[in-house]
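User: Please go through this structure with me and set each assignment against the criterion behind it.

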Amino acid sequence: MDEYLKLDCFNCRVRCCLEQRVILSERDIDLLIEAGYKLEYFAVKKGRYYYLREYGGRCIFYDVDTGLCRIYKYRPLVCRLYPLVYQDGNVILDVENCPEASKIDEEMMWNAVPDLIELVYRLKMGYRKYRV
Ligand code: SF4
């Protein structure tokens, strides 16, 4: 899994990491904990789901100085799939916020399908280890 959406993300100062709600699957949480982060530091539970914590309107892992993701290697599935966004059972292309979204072609879309299925499946499974 990775880099099938070959986009030039470094030109826009990653608007996708600002004021977005990043939903986390249990697998995303596992990876970040394995990377040495504490659940309370990076996640907040709202309703049924955990989300990445925000600080000052940005994702907690967004580095203001470099404009880059501090956990790029471990970033959650939702971040890997962006600008494809899973919302209320639908997949949309976030053309409003992502200047690269128009470059997504049919092949890229098809390549993203396994990760989209994984995301839907994992969210449906919920959190067995991180119940509160
Ligand atoms: S985890 Fe990284 S890629 Fe995902 S929203 Fe946060 S800073 Fe952006």
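Analyst: The side chain of Arg75 reaches the backbone oxygen of Tyr72 at 2.8 Å. This is a predicted model, in which local features need pLDDT of at least 70, side-chain atom pairs count only at pLDDT 80 or more, and totals for chains, interfaces and linings use all residues. Residues are numbered from 1 along each chain as its sequence is written, and side-chain values use heavy atoms, with hydrogens and water left out.

User: What makes the approach of Arg75 to Tyr72 a polar contact?

Analyst: A polar contact is a pair of N or O atoms within 3.5 Å, where within protein one must be able to donate a hydrogen and the other to accept it, and residues adjacent in sequence count only if both atoms are side-chain atoms. The side chain of Arg75 lies 2.8 Å from the backbone oxygen of Tyr72, so the distance falls within the 3.5 Å limit.

User: Why is Arg75 called buried?

Analyst: Buried means under 20% relative accessible area, exposed over 50%, and partly exposed in between (1.4 Å probe, protein chains only). Arg75 has a relative accessible area of 8%, and therefore counts as buried. Arg75 is found in the loop between β7 (68-69) and α3 (77-81); helices (H or I, at least four residues) and strands (E, at least two) are DSSP runs, numbered from the N terminus.

User: How do you know that Asp30 and Lys129 form a salt bridge?

Analyst: The term requires a side-chain nitrogen of Lys or Arg within 4 Å of a carboxyl oxygen of Asp or Glu, and the side chains of Asp30 and Lys129 meet at 2.8 Å, N to O. The pair links distant parts of the chain, with Asp30 in helix α1 (residues 26-34) and Lys129 in the segment after α4, 99 residues apart. Asp30 is buried because its relative accessibility is 13%, whereas Lys129, at 54%, is exposed.

User: What makes Arg122 and Glu118 a salt bridge, and how are they placed in helix α4?

Analyst: Their side chains meet at 2.6 Å, N to O, which is within the salt-bridge limit. Because Arg122 and Glu118 are four residues apart in helix α4, about one helical turn separates them. Arg122 is partly exposed at 27%, and Glu118 is partly exposed at 23%.

User: How do you know that β2 and β3 pair?

Analyst: Two strands pair if DSSP finds at least two bridges between them; β2 and strand β3 (residues 49-52) are joined in the antiparallel sense over four bridges, so the criterion is met. Within β3, Tyr51 is the bridge partner of Val44.
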